[in-house]
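Here is a friendly note for anyone opening this entry for the first time. Please keep the viewer beside you while you read.

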There are 2 protein chains.
Amino acid sequence: MTDGLDPRELGTYFALMEAVGVLQHHVEQQLRAEGGISYVQFQLLARLADADGPLTMTQLADGVVYSRSGLTYQAGLLEKAGLITRGSFAQDERATLVSITDEGRALVGQVLPGHVQVTRRLLFDSLSDDDLQHLGAIMTRVRDHARAQPPRSAAPRKRRAAADAAADAAPDSPE
Amino acid sequence: MTDGLDPRELGTYFALMEAVGVLQHHVEQQLRAEGGISYVQFQLLARLADADGPLTMTQLADGVVYSRSGLTYQAGLLEKAGLITRGSFAQDERATLVSITDEGRALVGQVLPGHVQVTRRLLFDSLSDDDLQHLGAIMTRVRDHARAQPPRSAAPRKRRAAADAAADAAPDSPE
DNA sequence: TATTGTTATACTCTATAACTATA
DNA sequence: TATAGTTATAGAGTATAACAATA
């Protein structure tokens with residue numbers, strides 16, 4: 001399974017992905033239960049709460065959502081829930097300026113303590129002070145580097161999707 | 001935004017989640033393009049390829065999928081695509097034994113090089129040898145600790161979902 | 001009774017493509 | 001022409017609950 005590949009890297013990678021996967025799942029549960037929002041929505045709100053002023057949709061999306069329509073969808077939900085507002089931007093009439101409302105800020109404040117509690121229990125309780133420092137330094141570097149990477153230049157499709165093959169195997173569609 | 005909370009922890013946490021989020025997105029793209037599978041499906045196949053023999057559905061799910069039905073769904077796709085087979089288990093007739101097929105192994109082998117390439121580019125290129133070692137040690141510990149954690153004991157729902165509020169705000173339904 | 005797995009169903013989310021409007 | 005954002009739509013994935021069968 002590791003033909004010619006560095007097994008130390010692979011092991012680290014799998015551990016990282018699974019650890020974060022489990023963490024993510026717990027965090028989603030907490031946010032849904034205590035705030036009625038998803039992690040993506042939390043990220044968007046947190047970002048707006050942290051920013052000095054309003055952000056454009058494009059700025060807001062960076063590193064969180066990977067399609068324009070996906071962000072429009074989430075922004076629509078958040079706006080209808082009264083957590084953000086959308087307005088126009090005098091400097092560039094194409095852009096939409098997104099602001100967090102007082103309700104939005106309140107929700108972040110309401111959800112954050114429990115959120116931190118979960119991350120403590122699942123993440124930081126296993127970390128020494130030194131680990132924390134090192135992990136912070138590492139992941140900040142990785143994030144900044146990864147953000148800058150171009151979206152993978154579509155490799156040739158060598159094989160059909162598992163779902164497609166599944167569709168074939170099922171003799172279903174009306175000829 | 002960090003009232004009474006440790007900003008160092010919060011910063012590390014956000015960096016971790018965003019870095020892995022971006023990594024995850026690139027990885028999904030690579031797997032879809034070169035293997036026609038999702039990351040969840042890759043995880044399941046990799047786990048089966050790594051195991052000595054077949055695994056039960058429950059063993060297979062651990063840390064990857066969080067509902068029985070979710071796993072049944074994925075297993076259904078993988079089986080119809082010819083990448084796994086499901087059989088019964090003599091020792092416990094309730095269980096289902098999942099085995100990876102030669103095709104499944106071949107697919108993992110086909111996808112893995114490109115997969116490693118992506119993780120190199122997005123993750124390991126930013127890491128020193130020391131970082132790699134440290135990160136591996138940390139995340140293995142975190143994963144094992146997190147896996148053992150009980151699923152959050154449902155906190156009281158204090159607020160309605162953003163989606164629900166959105167549904168209300170839209171005067172749609174037939175009176 | 002508890003556990004393993006499946007099925008039916010409803011819902012959330014994401015991405016693609018077509019479109020509008022502004023730079 | 002390129003960029004910002006929205007809309008329509010289709011598809012993948014997830015979770016809940018009800019179910020069957022075995023321990």
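The points below go from a single chain to the contact between chains, and then to a few residues worth finding in the viewer.

1. A word before you start: this is a predicted model. Please read each distance and percentage below as a value computed from that prediction.

2. Let us begin with chain A. It is built from seven helices and three strands. Following the sequence from start to end, the order of these elements is α-α-β-α-α-β-β-α-α-α. Of the 175 residues in chain A, 51% are buried. If you take the contacts within chain A between residues at least 6 apart in sequence, 50% of them link residues at least 24 apart.

3. Next, look at where the two chains meet. Chain A and chain B each bring 93 residues to the contact. About 8,700 Å² of area is buried between them, and carbon and sulfur atoms account for 64% of that area. The interface also holds 10 salt bridges and 17 residue pairs in polar contact, both partners at pLDDT 80 or more.

4. Which helices of chain B each supply at least two residues to the side that touches chain A? They are H1 (7–35), H2 (39–50), H4 (68–80), H5 (102–122), H6 (129–148) and H7 (162–169). H1 of chain B gives the most, with 24 residues. Sorted by type, the residues on this side of chain B are 48 nonpolar, 20 polar and 25 charged.

5. The nonpolar residues deserve a look of their own. The largest nonpolar core has 103 residues, and those with the most contacts inside it are Tyr13, Leu45 and Met139 of chain A together with Tyr13, Leu45 and Met139 of chain B. B:Tyr13 is a good one to click on. Leaving aside residues up to four places away in sequence, B:Tyr13 touches A:Leu23, A:Val27, A:Tyr39, A:His115, A:Thr119, A:Leu123 and A:Phe124.

6. Now for the charged pairs. Side chains of opposite charge can pair when their charged atoms come close. Over all chains, the search finds 18 salt bridges. One of the pairs to look up is B:Arg120 with A:Glu9, with 2.8 Å from N to O. This salt bridge joins two chains, because B:Arg120 belongs to helix H5 of chain B and A:Glu9 to helix H1 (residues 7–35) of chain A. Are these two partners buried or exposed? B:Arg120 is partly exposed at 31% relative accessibility, whereas A:Glu9 is buried at 12%.

7. Another salt bridge stays within chain A: the side chains of A:Asp62 and A:Arg147 meet at 3.8 Å, N to O. A:Asp62 sits in the loop between helix H3 (57–61) and helix H4 (68–80), while A:Arg147 is in helix H6 (residues 129–148), so the pair ties together parts that lie 85 residues apart in sequence. A:Asp62 is partly exposed, at 38% relative accessible area, and A:Arg147 is partly exposed too, at 34%.

8. A:Arg94 and A:Asp92 make a further salt bridge, their closest N and O atoms being 3.0 Å apart. A:Arg94 is exposed, with a relative accessible area of 76%. A:Asp92 is partly exposed, with 25%. Elsewhere, A:Glu18, B:Arg47, B:Asp62 and B:Arg147 are joined into one network by salt bridges that share partners.

9. That network makes A:Glu18 a useful stop. A:Glu18 lies in helix H1 of chain A and is buried, since its relative accessible area is 6% and the cut-off for buried is under 20%. Which residues does A:Glu18 touch, not counting those up to four places away in sequence? They are B:Arg47, B:Asp62, B:Gly63, B:Arg143 and B:Arg147.

10. Finally, try A:Arg143, which is in helix H6 of chain A. A:Arg143 is buried, at 18% relative accessible area. With residues up to four places away in sequence left out, A:Arg143 touches B:Ala15, B:Glu18 and B:Ala19. The side chain of A:Arg143 also makes a polar contact with the side chain of A:Asp144, at 3.2 Å. A:Arg143 and A:Gly63 are 80 residues apart in sequence, and their C-alpha atoms are 9.0 Å apart in space.

Terms used: Residues numbered from 1 in each chain as written. Chains lettered and ligands numbered in written order. Predicted model: local features only at pLDDT ≥ 70, side-chain atom pairs only at ≥ 80, totals over all residues. Heavy atoms only, no water. Contact = heavy atoms within 4.5 Å. Buried area = accessible area lost by both parts, 1.4 Å probe. Salt bridge = Lys/Arg side-chain N within 4 Å of Asp/Glu carboxyl O. Polar contact = N/O pair within 3.5 Å; in protein donor to acceptor, adjacent residues only side chain to side chain. Helix = DSSP H or I, 4+ residues; strand = E, 2+ residues; numbered from the N terminus. Nonpolar A, V, L, I, M, F, W, Y, C, P; charged D, E, K, R; others polar. Core = buried A, V, L, I, M, F, W, Y, C linked by side-chain atoms within 4.5 Å. Buried < 20%, exposed > 50% of the residue type's maximum accessible area, 1.4 Å probe, protein only.
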